[in-house]
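User: Hi! I'd like to chat through this structure with you. Could you take a look?

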Amino acid sequence: MSEHTIDGIIEKYRGQPGSLIHALVEIQHQNHWLPREVMQKVADALQVPFAQVMQIASFYKAFSLTPKGRHEVHVCTGMTCHLRGAAKLRAKVEELTGLKDGETDTDSRFTYQTGACLGSCSIGPELIVNGKHYGRMTPEKIEDVLKQYE
Amino acid sequence: MTDIVLTIDGKEVKAKAGMTVLQAAQQEGIHIPTLCHHEKLEAFGGCRLCMVEVESRGWTSYVVSCVYPVAKDIVVRTRSEKVDKIRKVLVEELMAHAPDAPELIKLAEEYGADRNRFERDASFCIVCGLCVRYCNEVKQKNAVGFIDNGARREISFIPEVARKECWDCQECFTICPTSYAQAAYLLSEALAFPGQRKKIKAEKPLQPKSRVIPIMPAPVTT
Ligand code: SF4
Ligand code: FES
Ligand code: FES
């Protein structure tokens, strides 16, 4: 995402230490991760010590301090999905992508993450790619789904 | 403002509104053990060691005295079988991280804590936050901060700030109950600005009197 957009977000909150989380959420949303230089810019503009920006950014799982792949793959490990076979989905995704929970592959294609109850238990077990829910997933179907994302 | 009267360990104690139970006890010379409390810093309530028993309108509860405000007619007991048990377990848990910290060794003796009860995870930091809060609240330099959360929470020096500020301060080294603040600083120095120490020493040969505490060899215990 362009530097321009990030700067725009930062400008909007200049001088407002109380808006730290808002600024970080917006940058995370646009840029998919928070580079250190960007956090330093946020610290300077919002007049928050850098250590506090780091503290917030590393505290919440919603923020990523490392680059993300082009596509975000989530497997739900919530109770319902678990009972409906999420472990098998995880094993298959891990086998196909070669990634462990939280990792991104070297060509930045996928970032794989598990999460607990992603809010659609009725269609579990589910696989979510870039926010799109694939319900009633089986390990056999996963390969075809992932193929659609280059 | 009228004083609030409460009872601590059978003694009638007067305190001002807004004071914590810990402050009320301390002003009467009643000792409550603390690890994350520092009089110059805002109350933190992190270590839970200052837990006391409070009886109020017939109800007994266990509260963290460094953040619990005094109230009229409450009865506080700074030691009881249950309070001692709580402190013992807390010390045992902390000793999994910092088995040789002098303050913990003393507390372990007093409360009969077994330093080997929990599997070792020698992170050396007990996350009392004294270094972080002191740097923020007293020195206002924010050279050290918390990162991550829950069980993975740790302290971390910010190299960009540390290289400028820490050499002439080093005050958190002496506040830290485990010497980890010093170790963490030296590690960031080695990684991010190695050799700076030599340069500073060459430039200001007499100054500064270094406050680096020699790290004691760990007592060999089983
Ligand atoms: S480094 Fe020391 S002072 Fe800082 S949080 Fe850890 S134990 Fe406390
Ligand atoms: S458990 Fe997976 S969506 Fe609720
Ligand atoms: S001294 Fe009260 S919680 Fe640490």
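Analyst: Happy to! One place to start is Phe59(A), which is partly exposed at a relative accessible area of 32%. Keep in mind that this is a predicted model.

User: Okay, and what about Tyr60(A), how accessible is that one?

Analyst: Tyr60(A) has 38% relative accessibility, so Tyr60(A) counts as partly exposed, given that the class runs from 20% to 50%.

User: How are the rings of Phe59(A) and Tyr60(A) arranged?

Analyst: Their centres are 5.0 Å apart and the planes make an angle of 70°. Planes over 60 degrees apart count as edge-to-face, so that is what this pair is.

User: Nice. How many aromatic pairs are there over all chains?

Analyst: The count comes to six. Another of the pairs is Phe44(B) with Phe146(B): the ring centres are 6.4 Å apart and the planes are at 5°, so these two are stacked.

User: Where do Phe44(B) and Phe146(B) sit in the chain?

Analyst: In distant parts of it, 102 residues apart. Phe44(B) is in the loop between α1 (21–27) and β3 (51–56) of chain B, while Phe146(B) belongs to strand β6 of chain B.

User: Is Phe146(B) buried or exposed?

Analyst: Buried, with 3% relative accessibility. Its partner Phe44(B) is partly exposed, at 30%.

User: Which residues form an aromatic cluster?

Analyst: Phe157(B), Phe173(B), Tyr185(B) and Phe193(B) form one together.

User: Switching topic: how many residues are in contact between chain B and chain A?

Analyst: Twelve residues of chain B are in contact with nine of chain A. The buried area between the two chains is about 890 Å², with carbon and sulfur atoms giving 52% of it.

User: Which residues in chain B lose the most area to chain A?

Analyst: Those are Asn142(B), Asn149(B) and Ile158(B), which together make up 38% of what that side buries.

User: What about salt bridges, how many does the rule find across the interface?

Analyst: It finds one. Arg36(A) pairs with Glu160(B), and the closest N and O atoms are 3.1 Å apart. There are also three residue pairs in polar contact between the chains, counting those with both residues at pLDDT 80 or more.

User: Which elements of chain B give two or more residues to the side touching chain A?

Analyst: β6 (144–147) and α5 (159–165) of chain B do. The largest share, four residues, comes from β6(B).

User: And what is the make-up of that side by class?

Analyst: On the side of chain B that touches chain A there are five nonpolar, four polar and three charged residues.

Key
Residues numbered from 1 in each chain as written. Chains lettered and ligands numbered in written order. Predicted model: local features only at pLDDT ≥ 70, side-chain atom pairs only at ≥ 80, totals over all residues. Heavy atoms only, no water. Contact = heavy atoms within 4.5 Å. Buried area = accessible area lost by both parts, 1.4 Å probe. Salt bridge = Lys/Arg side-chain N within 4 Å of Asp/Glu carboxyl O. Polar contact = N/O pair within 3.5 Å; in protein donor to acceptor, adjacent residues only side chain to side chain. Nonpolar A, V, L, I, M, F, W, Y, C, P; charged D, E, K, R; others polar. Phe/Tyr/Trp six-rings, centres within 6.5 Å; stacked < 30°, edge-to-face > 60°. Buried < 20%, exposed > 50% of the residue type's maximum accessible area, 1.4 Å probe, protein only.
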